Structures are given as C-alpha cells and as structure tokens.
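Me: I've got this model open and I'd like a close look at a single part of it, not a tour of the whole thing. Could you pick up one strand and work outward from there?

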Amino acid sequence: MKLHTGSLYWPQVTNVKKIKSKNIIDANKNDVLIVGGGISGAISAYRLSKAGFKVTLIEKNKIAMGSSAASTGLIQYMSDKGVVYYIETLGYEQGKRFYDLSMRAIQTLLDLDNEIDNLDQDTFLVKESLILATEKNKLEPVKKESEKQDELGYGAKFYDREMLKKQGIDAYGGLCAYPDIALNPYGFVYRLISTAIEKYGLHVMENTEFIDIKDYQSINENQDDLYQLVRIKNQEKIIKCKFKKILFATGYNPPEIFNDKLNNLNINKTYVAVSEKNINLEKSTDYLLWEVKEPYTYFRHTFEGSLMTGGLDEEDSNIKNGDEKKNTNKLVRLTKEMLIDKDLQVNIQYQYAALFGESKDNLPYMGIDPDNKNIMVICGAGGNGTVYSTIGSDICLDWVKGENIDEYKMFSLAR
C-alpha cells in the first residue's frame, strides 16, 4: 500500500545517524521479532532491548519512511475525541482509564527523550496545546471538556475569546492542555533505533520483508518453549528463522493475515503543507493548535521556524500522484482564519498527502492475536498514533515478560 505522496518535510530537514542495518539474521537475537521500523516498532524495540530482551527489528523499506515520516508530530494526550466522549461511550472507569494511560504515555515519552542520544538539532519540545472552538456551536462542548478534564486532575484550562486574542488566536474559546509534545517523528525514531543498537544490542534489518509464519515446536516438546517459524526476504534472499514472540508494528498497512481481525479499521486520507523557513510567525501562537470541526485543520511551528498545517481529512484509501497539491491553498486559508494576523505571508515549500487509519469506536488496535498467544499487533488507529504506540509498548513489555495484560482489553483485536 502506498502511504504518501509529495515532498515530505522531516526527512529533508533532519540530519540523522546512518542505521547499522544487517543483511543476515543473528540467531541469538530470537526473543522478539518486530516487524515495522516506524514509531510503533521503534519505541517497543528500544524498551524491550533496554529491558534485556534479544530483539530483531525488520523494516520492508527504510527506517521511519512510512507513516512516521508523514506525521506532523503534534503529540497530545487528548485523542480526537475528548474524555467526555469516552466516559459516555465506555463508562466512567474505562473512559478515565483510557485518558490516564494517554497521560502516562506522555510521561514515558518525556523519559525516553531524556534517555536516548540526541541529534545536532531539536527533535522534541514540551508544548501546550490549544483545542479551539472556531465555530460558535462548538464553544459549549469545549467548555464542558475543559471542566471535566480539570475535575479529573488533568490540569486543562479554558481560554475565552479575549484571552485567545491576546495570544494572536482568533476563536470563540479553547481548551489549553499541558504537557504535550512538539516532535520531529522522523528524527525521534532514528534516535530510538540508534541508541538501542549502540547501547542495548538491537539487531536491525532494513529492506527486509515479512513473508509468512507458522508455529514451530522446539525439540523438547515443552509447551512453554514454543517458537514461531518465520520466513523473511532480504535482497531477494528468503531466510528462515525462529522467534519466541512476534510484534507486528506495521501501522495502517498490516499483513493480510490480520484483515479479518481489524474489522473496524477505516483508511482515510489527510493533507499537509509546510512553509519556507523563518516566516514571520508570532511567538505567542507557538502552540499545538487543533480546531474542533469537521473536517478540521491544525497547525504548529516547526523547529526550523516554518508553519506546518494539516487536516481536511476525507474517506479515501487510495493515494494518487498529485494529491499533495489538492488542498494546499485551502489549508493555508483556514489556518490564517485561526490567526489574528490574517495577512501573514505564507509561501509553501513542502506539500504532501498521506493515509492514516481510524477505528469505528475511536480506539486503537493493540493486543494479542486471538489465534496465537505469541503474536501481538500494535495498530495505533486514530489521530494520536504516537501516544497509542507508547501505550502499545507498555502492553508489549508486559506481554513479553509474561505478565497479565487484561487491563488493556479495550484495545483488543477482533473486538
């Protein structure tokens, strides 16, 4: 599946260390095979390797060049739906738990940033988010969400129209959330993978494709010593190998064997435009801004002083050449409508379209394969994929350690 088209921003502005990729399997790195070298695979690979497990990660193309390269890096504890929605649909306990897990994931990401090697440029900054009511009829729901989050101890604040105007923002009101993260997802993935290789012995194989799998019983016939026999392809060479556990972290393009277990997964198309560097952005507008509207628009300042804007999602699972130009002018116009400075000069340098997944119940798919207890899937469906991937790494760690993961049933496959 083609995941994006156009000129991606992060790979062109980020100086990364070259990954030490291998062309052969290390038979000793057989505790866990991770399929997928994006943000989901990278976080789990790093955390598992650090915990002492022998991990191999394979990536069909190049590290971080799938959905992670197309991500705009607005990392928020809030999902596309607020905690009010999840409490109403899941019940108070589960709805609050989902948001508690998301808050914990933000802290995990903060901890990871402090642990892993840095690049010679910023890839990670703690930020405030503004969730904006740009339509009058959205004002009361935003107020209600702010009040509920404050009641639950998340520290959200409500900004009225006058307060926003002082920040250079034009909206009826907004929820201010903290802590959130402005991320360079491409650079962050490389930081995770490079550190895991150099410090914790992670084995990485790029240009390596998963083919198929079947159970393989070890010679002593011990049910607790069950391996998975896997075939992979590296540079046209078929390799057979065995692993105790397999994590599929392939984003919105999972292997066909999981098609019937992700029944509620929808694939949509989104659009992104990024300006040239160092445009005259008001520093007061340096939030992660997201409007409550359908279709929505969002924007942020990049580390390089560019304006990055995206959104206008639509139901479409096919990427075509030329899609990247479809909504550029509209994105710029809608972004300016959220600013007091509507005369801001914005010259677009990068534009692209990308696919992303959403589930019908607005929850990610993360859990054990119902047909094989030694296989797990992380599919962070929704607009908060990095946070979901981080929660997924918690599940993966507990799973590999043999601990109970029943508390994560809300994310289970084939639900």
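What follows is my request about one strand, and then one long reply.

Me: Let's take strand β16 (residues 307-314). Which strands are joined to β16 by five bridges, and why is β16 described as largely enclosed? After that, wander out to the rest of the fold if you like.

Reply: Happy to. Keep in mind that this is a predicted model, so treat the numbers below as values computed from it.

Start with burial. Seven of the eight residues in β16 are buried, so the strand is largely enclosed by the rest of the structure. As for partners, β13 (residues 265-275) is joined to β16 by five bridges, and the two run antiparallel. Strand β15 (residues 297-301) is likewise joined to β16 by five bridges, again antiparallel. In general, strands of a sheet pair through backbone hydrogen bonds, either parallel or antiparallel.

You can pin both pairings to particular residues. Towards β13, Tyr271 has Gly311 of β16 as its bridge partner. Towards β15, Phe299 stands opposite Thr309 of β16. β15 and β16 also make a hairpin with five residues between them, and Gly305 in that turn has a positive phi of about 85°.

Now for the backbone oddity inside the strand. Leu312 lies in β16, and its phi is near 55°, a positive value in a residue other than glycine. Most residues other than glycine have a negative phi, and most peptide bonds are trans. Leu312 counts as buried because its relative accessibility is 6%, below the 20% cut-off.

Just ahead of β15 there's another spot to zoom in on. Glu294 sits in the loop between β14 (288-291) and β15, and at 72% relative accessibility it counts as exposed. The peptide bond from Glu294 to Pro295 is cis, with omega near -10°, and Pro295 belongs to that β14-β15 loop too. Glu294 and Glu314 are 20 residues apart along the chain, with 9.9 Å between their C-alpha atoms.

If you're collecting backbone exceptions, there are others elsewhere. The peptide bond from Tyr178 to Pro179 is cis as well, with omega near 0°, and Pro179 is found in strand β7 (residues 173-183). Ala64 has a positive phi of about 70° although it isn't a glycine. You'll find Ala64 in the loop between β3 and α3 (67-70), and it counts as buried, with 1% relative accessibility.

That loop leads back to β3, which belongs to an open, mixed sheet of six strands in the order β8-β3-β2-β12-β19-β18. The edges are β8 (203-205) and β18 (365-369), each pairing on one side only. On average, neighbouring strands in this sheet are turned by 15° against each other, direction ignored. Within the sheet, β2 (residues 32-35) and β3 (residues 55-58) run parallel and are joined by four bridges, with Ile34 standing opposite Leu57 in β3. Helix α10 (residues 385-401) lies across β2, β12 (245-248), β18 and β19 (372-379), running at about 165° to β19.

Have a look at helix α2 (residues 39-50) too. Its twelve residues reach 16 Å from first C-alpha to last, close to the 16 Å expected at 1.5 Å a residue. Eleven of the twelve are buried, including Ala42, Tyr46, Arg47 and Leu48. Just after α2, Gly52 takes a positive phi of about 100°.

On packing, the largest nonpolar core has 86 residues, and those with the most contacts inside it include Ile34, Phe188, Ile193 and Ile391. A second, separate core of 32 residues includes Val35, Cys241, Leu355 and Tyr365. Ile193 touches residues including Ala42, Leu57, Ile63 and Val204.

One last polar detail: Asp113 is found in helix α5 (residues 92-115) and counts as buried at 16% relative accessibility. The Asp113 side chain makes a polar contact of 2.9 Å with the side chain of Arg191. Asp113 also touches Asn118, Phe124 and Phe188, among others, and Phe188 is one of those residues with the most contacts inside the largest nonpolar core.

Key. Residues are numbered from 1 along each chain as its sequence is written. This is a predicted model: local features need pLDDT of at least 70, side-chain atom pairs count only at pLDDT 80 or more; totals for chains, interfaces and linings use all residues. Side-chain values use heavy atoms; hydrogens and water are left out. Two strands pair if DSSP finds at least two bridges between them. Axes are lines fitted to C-alpha atoms, for helices over the stretch in contact, and angles run from 0 to 180 degrees between N-to-C directions. Contact means heavy atoms within 4.5 Å. Buried means under 20% relative accessible area, exposed over 50%, partly exposed in between (1.4 Å probe, protein chains only). A polar contact is a pair of N or O atoms within 3.5 Å; within protein, one must be able to donate a hydrogen and the other to accept it, and residues adjacent in sequence count only if both atoms are side-chain atoms. A nonpolar core is a set of buried Ala, Val, Leu, Ile, Met, Phe, Trp, Tyr and Cys residues joined through side-chain atoms within 4.5 Å. The expected span of a helix is 1.5 Å times one less than its number of residues. Lists of a residue's contacts leave out its neighbours within four places in sequence.
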